[in-house]
Each structure stands twice: as structure tokens, then as C-alpha cells.
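Hi,

Here is the structure I promised to pass on. Have a look at it first, and my notes follow below.

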Amino acid sequence: MTTYVLHADPGQRHQTARRGNLVHVDGAALHVRALDAHSFITEVGGRPTRIRGIAHGDNIHLQLNGRACLIRRIDPTRAGAAAAGEANGSATAPMPGVVVNWLAQPGCAVQAGDALLVIESMKLQMTIEAPQTGWLEDLPFSEGQTFQRGAVLARVRTEEVAA
Amino acid sequence: MTIKKLFIANRAEIALRIVRTARRMGIATVVPWHVRDRHGPALLLADETVELHGEPPVSAWLDGPALISAAIASGCDAIHPGYGFLSENAGFARAVAQAGLVFVGPPAEVIELMGDKITARHFATRCGVPVTPSADEADAPETFAERARAIGFPLLVKGSAGGGGKGMQIVHEAGALAQAIATARAESQRYFGDGRLLAERFVEQPRHIEVQVFGDTHGHVIHLGERECSIQRRFQKLIEETPAPTLAPELRQRICDAAVRLASEAGYVNAGTVECIVSPSGEFYFLEMNTRLQVEHPVTEMVTGLDLVEWQLRVAQGEPLPLKQDAVRWHGSAIECRILAEDADAGFVPDTGKVLLLNEPQGPGVRFDCGVTPGATVSADFDSMLAKLVVHGATRDLAISRLRQALNETVMLGVTINAHFLGRVLAHPAFQAGATDTGFLERHKADLKPTAWTEDERRALVAVAAAVGRETHANALPEPYASMGAWRN
């Protein structure tokens, strides 16, 4: 029994059990035939349909009718570890890019919605705002530094810290 | 003179595109790479490769002296700049010539003339090519805002040295003008090192129509027809086609004639593109001239059967244009889609990742110019365009059908690409009817959203996910063998 979730819909878990070419998904049985390592035929709406797929760790990248889909295998040994990682008050990068400039200095008081820094990715510039009112604890990336999608760009804390 | 060895001062798909033609012509090629960009197919096909250095990596492709030194050191006699980077940099073109190499492009003076939007507009007016009503800050900086307001709204404020949509602001009312000027100036200063601004009438619902022109060193200038590039997001083209679907033949002729007139007057040599906007009522206005090969040149190649890079190289060698104007023929319809590493459904944000699985679409009338190989890392270091998919058909309907099939077959798993979004645009009735203008994507935003996966589709996807091998390092060798390295006999 293995659990999978669609990246686009993490709330819905799908249980699978596999026996040879037969895969049970949430109780329904589907025949999956491999054409090669990355091409599979299974039924969609009663018709044999080709789906491409490749795994990268626990992520399985698939494509059906020209549309890509990312599915994650839930590894029970690691479940729960990641969920707690995202603390409130952090502004994360919506895309990879580079910091253009800081609009606020760490240590200063900020209001929710205040512009904290400007980032740029390829040809798009955007302003990162304070997610909540408090004081700016940290801007982990300095001007000119690059970051990946999901990186924490700013931390704003609500409670005062004794100086 | 004859070019024997060509240095390609570019990367990714356009480097591959140029290498292909050079090889066909018997010209050896040298393509540069960077430690953070070494997975291009051009590097596999080129006769030689040269490592560039620089941080950020993009700076290596902007370092003219280093590129020229590399070209000389590798024994090249010509440099092709491709598009972007230094392709429209007059100083680079001049330095290449001064180093005794052939620059595959127009002379530096022409790049200078057309590179500045303001002088280009003045020049167009002198050639009898219409331009939109405008105000130039340089004429009288203190009255710029006042003169801009007098043109009327909506108004476009942009950097006079700019391009590619950077530093552009649309202003709908007088109250927003001051802020727009400040923003446009800051962006222009940052991107182009020049904060000088230009304000002009913003034509609503315009079509973007451009004309491919070609000149030689013997004084001939001809056009190879128009392209429509109205499907844009953030002022950047996504889908380009020729012929323009609903352009009246008489208007097409007037636009093409104007483009040739402009290029002739400018003493234009090599490939160039005259960009215009066409209003719903059929007026056309000169926008700018791009003094280089365009990303979308393949659609022109598909309908004319010509190889524009071959023409560029022949002209650079001093040969006359291979065809006279009345010998140029256009057959059928061609459409190009730009395959970008971006999530179109999340506001066109760029994505990064590793190309795990790649399938290039094939078939009659299908051309795929690809800049990545399997295993390539797509980073934020460079432009997000990974490939161009170009199709040809006897009719526009056939070209659309073929393109939709080809998009379905395009696989680049591991990084988010816009292929399915492009397919939805092509499937839209308004696109199919040729009702295209630069506001298309914004206007039809709601229709272009993806539908949720059906229960059946989800089940099938999850079933295949369960069947996909857990490890996918198909070519990975077991460790003891891998550490032995390549076999040598």
C-alpha cells in the first residue's frame, strides 16, 4: 500500500496497491502496461491512453494529453517532518531570482503590507511585502544574491525581543 | 571573402540554429559555454567549444572584448551575435570589425540609428513611415509631463533606450502620470543605464505586425513578408505567425513597402525587422526596428522555403541577395510557439529545475529548435525560453491542428513549461478566427484557465505514478563501474 498526492491538490490522498500490471487506486483496478521505461498505457474514460512518467526521488512527473502533472509519493518515514517547517511571518520566494534591493533594514518595525525588498527573476520585478505587523527580524539574502523558489526572503516577528 | 570559421556569440536554441546552417554551408563553428550552462545541444554539434567566465553567468555573453578574444584565439573569421545579448550593440559590432572579423549583421552606424527609439522615430517620419503621436523628454525635459498629458490617454511611457517590455508603463489617466514617469525612469536607468523617456499614444487592441527585411552591400533591400506577433504577455511575444490572419492585402502591401523604404533609406544591410502596430481601424504606426535576426524568423523560413541564417552569412561575405523581390514566394501558413520554463497558470512566473525527460515533437511540417538536452539544469541565470516549436501547413487551420498535436507530444518533464497553456490558446475560438491583438491573453484569461483533472484522469495518473520505476537513473552505472571512467582500447 503506497500513498500518492497530486501536487495541485495535496488535500486528497490516493491509496495504491500494485500487483504486476494491475494497479489498484482507491479500490479501482487499472491495467498499466509499460511501452518503455517512461511511456505507459492505461485507461482513461474507457480508452487506452498514453501517459509519460519519470520519477525524481519521491516526485513523479507525468504527462497526459500534453499536460504535465506532478505527483508526490508519501514516504511514511518522513511524513510530518516538512509540515512544521513553514513558520508564520515568513515571506517566501514565489519564484527563483535575485534580490534587487532592500527597502527596509532588519531590526526596524514594519506594518503588514509594507514593502521589504524588490526581487527580480528574468524580466519580472516584484516587491515582497511584510506578511504581518511586527519587527523585521531578518532579510536572509543581500542585494545581488540569488535564491531558489520557496526560499525565505524575509522574517517578520510579532513579539518584541529585549534589546 | 569567404567565412571559414564562425564564432557564435550566443547560446541555447539560437546557437544550435546557427550551427545547423553553418555546417550545411561547410563553415566550421565555435560555440561558447559557461560552467553553469553546459548542456546545450549546440555544444554537441559545434566543431569547437570555448569556456567563458563571469559572474553572473549572463555577464560572460555581454563581455564583448572576451568574446572577440575567444573568437580570434579559436581562429574564427566571423562572429554571429544571434539575438539578445550583444546583437544590437553598436559598440560590439564596431569592435568586431576593428578586430578584423566579420560581424554577421548590419553596420554599427545603422544599429546606432535604429537602436535609439527617438532617433529611429524621427528617421521613420522623414521616410514617410507613420509614427504614433509622441513627446520626447530630450526636446525639453521641464515640459515633458505637460507635453505627455497633451497627447491624451491612454498613454505609454517608456525608456528611449529600452526594449523587451522593460521600463514600460501604460497610463490611463492624468492622475497616474507622475508615478508612471518615476517608475519608467527608474526601470530604464536600471536596465539600460539611461533614464531618458518617451511618451506616446497607446493604441488600444493593436495587432503587432512586423516585416522581415533584408539588405545587401550592393544596395538591394527586399522584404520577406510580414509576421503577426500579437499573442503577448508582459509585452513579450508567445505565439507568432505568418501570414497575419486577417490583414487586408492592400494594407499588408503598404506596411511592407514602408518597411523596405525605411530600411533602404537607412542603408540597411543583413537581416532586420520593422515592427509596427496596426489599429482595429487599419492605421499602422512604426514601433521600432530590430537590427538582428528575430526569435520568430522560422515562420518566415517555413512559408518562403528560405534559410535566413544562410542569407545572413552570404550577405556578410559580400554576396548579393539570393533573390529579387518579385522572385519571393509565400506558401501556406506557419505558426511558432515559444516553449518557456514558466507556470502560465500562476501568472507566468518563471520556473527552474532539471529536464528529466525530453521528447521533441516530430512530423510533417514540424520544426523544433531546442536549447536543452536531457539532464540540463534550467536556472534563473538566463532567459526562460527553452525551445521554439514551429509548424507549417497549407492553410492556417492545418497549421493550428498540427501545432496542437505537436504541443501534445512535447515533453519536458522536471521543469514547468507553458506547452499546455499554448495549446489552450490555439484551441480558443477567437484565436482560430484570427481575432488576435496584444490584449488577447488578458481578455480571454478566464477561458484559458486549465480545467481540473477528472476523476478518471487522476486515477490513471496515480496508477502510472505507482508503476513508474522508483529509480530513474536509466543510464547510471553501478558505482564500481562508474568510477572506472570511460573504456579505452
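How many bridges join strand β10 of chain A to strand β17 of chain A, and do these strands run parallel or antiparallel? There are 3 bridges, and the two strands, residues 90-92 and residues 152-157, run antiparallel. If you want a spot to click on, S90(A) sits opposite R155(A) of β17(A). Keep in mind throughout that this is a predicted model.

β17(A) also pairs with strand β15 (residues 134-138) of chain A, again in the antiparallel sense and over 3 bridges. There, L136(A) has V156(A) as its bridge partner.

Now the interface. On the chain A side 52 residues are in contact with chain B, which puts in 46 residues of its own. Together the two chains bury about 4,800 Å², and 65% of that is on carbon and sulfur atoms. Chain A and chain B share 3 salt bridges. One of the salt bridges links D9(A) to R458(B), with the closest N and O atoms 2.5 Å apart. Polar contacts across the interface come to 9 residue pairs, counting those with both residues at pLDDT 80 or more. Strand β7 (residues 47-56) of chain A gives the most to the side of chain A that touches chain B, namely 6 residues. By type, that side of chain A has 24 nonpolar, 18 polar and 10 charged residues.

Last, over in chain B, take a look at helix α10 (residues 297-304): 8 of its 8 residues are buried, among them H297(B), E301(B) and T304(B). Just after α10(B) comes G305(B), with a positive phi of about 75 degrees.

Cheers

Notes. Residues numbered from 1 in each chain as written. Chains lettered and ligands numbered in written order. Predicted model: local features only at pLDDT ≥ 70, side-chain atom pairs only at ≥ 80, totals over all residues. Heavy atoms only, no water. Pairing = 2+ DSSP bridges. Helix = DSSP H or I, 4+ residues; strand = E, 2+ residues; numbered from the N terminus. Buried < 20%, exposed > 50% of the residue type's maximum accessible area, 1.4 Å probe, protein only. Contact = heavy atoms within 4.5 Å. Buried area = accessible area lost by both parts, 1.4 Å probe. Salt bridge = Lys/Arg side-chain N within 4 Å of Asp/Glu carboxyl O. Polar contact = N/O pair within 3.5 Å; in protein donor to acceptor, adjacent residues only side chain to side chain. Nonpolar A, V, L, I, M, F, W, Y, C, P; charged D, E, K, R; others polar.
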